[in-house]
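Work through the exercises below with the sequence and the model at hand. Each task is followed by a solution in steps.

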Amino acid sequence: QVQLVESGGDLVQPGGSLRLSCAASGSIRSIALMAWYRQAPGKMRELVASIFSGGISNYADSVKGRFTVSRDNAKNTVSLQMSSLKPDDTAVYYCKANVASDGGPYRIYWGQGTQVTVSS
């Protein structure tokens, strides 16, 4: 079994910065893709940023230039550095990972989410 635990969500003022972290634990042989998604009230969950084990990353247009995704393959963690935050960034942020456990295929796991609120 694999668990993803996010942390770092908070209330922040517009223009501020915040760093989210996600740690994967359990029976892990390899993690391919790690990603951050978000879901605002009344909206569908959307991809924010993703990063492969080799470091190739991808961002939603709405966050390009403001957010930076990074990962530590040795620690099985992924982070999202968010700056110049806007009220539209308010959402629950979820971590997702494609994980291969010992002797098994890659499977998708989700964290429980962490709330980010951008408001004055």
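**Exercise 1. Arginine 66**

Decide whether arginine 66 is buried or exposed in this predicted model, and describe its surroundings.

Solution.
- Step 1. The relative accessibility of arginine 66 is 11%. Buried means under 20%, so arginine 66 counts as buried.
- Step 2. Place the residue in the chain: arginine 66 sits in the loop between β6 (57–59) and β7 (67–72).
- Step 3. List its contacts, leaving aside neighbours within four places in sequence: Gln81, Met82, Ser83, Ser84, Leu85, Lys86 and Asp89.
- Step 4. Look for a polar partner of the side chain. A polar atom of the arginine 66 side chain lies 2.9 Å from the backbone oxygen of serine 84.

**Exercise 2. Serine 84 and asparagine 76**

Find where serine 84 and asparagine 76 lie, and give the phi and accessibility of each residue.

Solution.
- Step 1. Recall the usual case: most residues other than glycine have a negative phi.
- Step 2. Serine 84 is not a glycine, yet has a positive phi of about 50°. This serine is found in the loop between β8 and β9, and at 40% relative accessibility counts as partly exposed.
- Step 3. Asparagine 76, also not a glycine, has a positive phi of about 55°. Asparagine 76 lies in the loop between β7 and β8. Its relative accessible area is 21%, so asparagine 76 is partly exposed.
- Step 4. Set asparagine 76 in its hairpin: β7 and β8 form a hairpin with four residues between the strands.

**Exercise 3. The four-stranded sheet**

Work out the strand order of the open sheet of four strands, and explain why one side of β1 and of β7 is left without a neighbour in the sheet.

Solution.
- Step 1. The order is β1-β3-β8-β7, and the pairing is antiparallel.
- Step 2. β1 (2–7) and β7 stand at the edges with a single partner strand each, so one side of each has no neighbour in the sheet.
- Step 3. Neighbouring strands are turned against each other by 15° on average, direction ignored.
- Step 4. Take the pair at one edge. β1 and β3 (residues 18–26) run antiparallel and are joined by six bridges; serine 7 has serine 21 in β3 as its bridge partner.
- Step 5. Take the pair at the other edge. β7 pairs with β8 (residues 77–82) over six bridges, in the antiparallel sense, and serine 70 stands opposite serine 79 in β8.

**Exercise 4. The two faces of β7**

Which side chains of β7 point to one face and are buried, and which point to the other?

Solution.
- Step 1. Follow the side chains along β7: they alternate between the two faces.
- Step 2. Phe67, Val69 and Arg71 point to one face and are buried.
- Step 3. Thr68, Ser70 and Asp72 point to the other face and are not buried.

**Exercise 5. The disulfide**

How many disulfides does a search of the whole structure find, and which cysteines are involved?

Solution.
- Step 1. The search finds one disulfide. Cysteine 22 and cysteine 95 form this disulfide, with their sulfur atoms 2.1 Å apart.
- Step 2. The pair links distant parts of the chain, 73 residues apart: cysteine 22 is in strand β3 and cysteine 95 in strand β9 (residues 91–100).
- Step 3. The torsion about the S-S bond of cysteine 22 and cysteine 95 is about -80°, so the disulfide is left-handed.
- Step 4. Check each cysteine for burial. Cysteine 22 counts as buried at 1% relative accessibility, and cysteine 95 is buried with a relative accessible area of 0%.

Definitions and conventions
Residues numbered from 1 in each chain as written. Predicted model: local features only at pLDDT ≥ 70, side-chain atom pairs only at ≥ 80, totals over all residues. Heavy atoms only, no water. Buried < 20%, exposed > 50% of the residue type's maximum accessible area, 1.4 Å probe, protein only. Polar contact = N/O pair within 3.5 Å; in protein donor to acceptor, adjacent residues only side chain to side chain. Contact = heavy atoms within 4.5 Å. Pairing = 2+ DSSP bridges. Axes fitted to C-alpha atoms, helices over the stretch in contact; angles between N-to-C directions. Disulfide = S-S within 2.5 Å.
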